[in-house]
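Welcome, and thanks for opening the viewer. Follow the stops below in order, selecting the residues as they come up.

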Amino acid sequence: MKKLLIAGNLFFALSILEACGSDEAEPEENSSNDTAEMNDQQDTQEMEEPTADLFSSEKLQERIQKGMDLDSYSAELTAMEEKGETTLVKKYNLTGNEEIKAQILQSSDGFVAVETDGLEVTDVSSYKSMKEVEDHLNDKDMEEDMSE
């Protein structure tokens with residue numbers, strides 16, 4: 001009975017959506033003034049969102065420091081990614097321990113590895129090449145996180 005009610009509600013909702021999207025509905029006409037205003041708003045929005053350059057490894061290490069709590073680090077990383085100041089390239093986990101993690105961030109002059117223990121940032125190191133980072137993390141028995 002419950003499945004029948006759900007199916008009926010789904011059918012009803014889909015029929016309403018179909019009616020809303022049908023060709024019978026007459027589109028509103030935009031005056032040329034409305035279109036000009038919308039274009040001006042889009043131009044203004046584009047100018048307000050400058051494209052940022054990637055931070056250098058040194059600048060990333062100033063923003064993300066050893067001892068920083070995990071919540072602060074996550075908020076800082078999110079803010080920097082949204083502004084285009086860094087990019088999360090890869091994630092690593094310690095073999096057999098999901099709490100110990102490392103994230104590799106792209107910088108303008110290489111990469112920064114940020115290691116955490118589930119509570120705080122335990123190490124922040126910069127590298128010139130991805131191979132150097134991978135070798136460092138492999139020496140610590142860390143493997144790439146393929147879950148995402």
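Let us begin in the middle of things, at the largest pocket. Three elements each supply at least two residues of its lining: α4 (70–82), β1 (87–94) and β2 (97–107). Keep in mind as you look around that this is a predicted model.

**Stop 1: the largest pocket**

Select L70, Y73, S74, L77, K91, Y92, N93, K101, A102, Q103, T116 and D145, and you have the lining of the largest pocket on screen. Its volume is about 160 Å³. Which element gives the most to the lining? That is α4, with 4 residues. Now try colouring the selection by class: the lining has 5 nonpolar, 4 polar and 3 charged residues.

**Stop 2: the whole chain**

Zoom out and switch to a cartoon view. The chain has 5 helices and 5 strands. Following it along the sequence, you meet the pattern α-α-α-α-β-β-β-β-α-β. How many of the 148 residues count as buried? The share is 22%.

**Stop 3: the hairpin of β1 and β2**

Go back to two of the strands that help line the pocket. β1 and β2 pair in the antiparallel sense, over 7 bridges. To see one of these contacts, select L94 and look across to β2, where its bridge partner is N97. The two strands form a hairpin with 2 residues between them. Click on G96 in the turn: its phi is positive, at about 85°.

Stay with N97 for a moment, which lies in strand β2. Is it buried or exposed, or something in between? With a relative accessible area of 30%, N97 is partly exposed, because the partly exposed class runs from 20% to 50%. Next, add M142 to the selection and draw a distance between the C-alpha atoms. N97 and M142 are 9.4 Å apart in space, although 45 residues separate them in sequence.

**Stop 4: across to β5**

M142 brings us to strand β5, which spans residues 142–144. β5 runs antiparallel to β1, and 3 bridges join the two. Select Y92, a residue you met in the pocket lining; its bridge partner in β5 is E144.

Now step back to D141, in the loop between α5 (130–139) and β5. What is there to notice about its phi? The angle is near 65°, a positive value in a residue other than glycine. Most residues other than glycine have a negative phi. D141 is also partly exposed, with a relative accessible area of 47%.

**Stop 5: the hairpin of β3 and β4**

Select residues 110–116 for strand β3 and residues 121–127 for strand β4. These strands pair in the antiparallel sense over 6 bridges. T116, another name from the pocket lining, stands opposite V121 in β4. β3 and β4 form a hairpin with 4 residues between them. In that turn, look for G118, which has a positive phi of about 95°.

**Stop 6: a charge over a ring**

For the last stop, show the side chains of K59 and F55. The charged end of K59 sits over the ring of F55, 5.7 Å from its centre. How many aromatic pairs does a search of the whole structure find? The count is 0.

Technical notes: Residues are numbered from 1 along each chain as its sequence is written. This is a predicted model: local features need pLDDT of at least 70, side-chain atom pairs count only at pLDDT 80 or more; totals for chains, interfaces and linings use all residues. Side-chain values use heavy atoms; hydrogens and water are left out. Rings of Phe, Tyr and Trp (its six-membered ring) pair if their centres lie within 6.5 Å; planes under 30 degrees apart count as stacked, over 60 as edge-to-face and the rest as tilted. A charge sits over a ring if NZ of Lys or CZ of Arg is within 6 Å of the ring centre and within 35 degrees of the ring normal. On a 1 Å grid over the protein atoms alone, a cavity is a set of points where a 1.4 Å probe fits but cannot get out, and a pocket is an open set with protein on both sides within 12 Å along at least five of seven lines; lining residues have an atom within 4 Å of a point. Grid points are joined across faces, edges and corners, and a volume is the space filled by probe spheres set on the points. Ala, Val, Leu, Ile, Met, Phe, Trp, Tyr, Cys and Pro count as nonpolar, Asp, Glu, Lys and Arg as charged, and the others, Gly among them, as polar. Two strands pair if DSSP finds at least two bridges between them. Buried means under 20% relative accessible area, exposed over 50%, partly exposed in between (1.4 Å probe, protein chains only).
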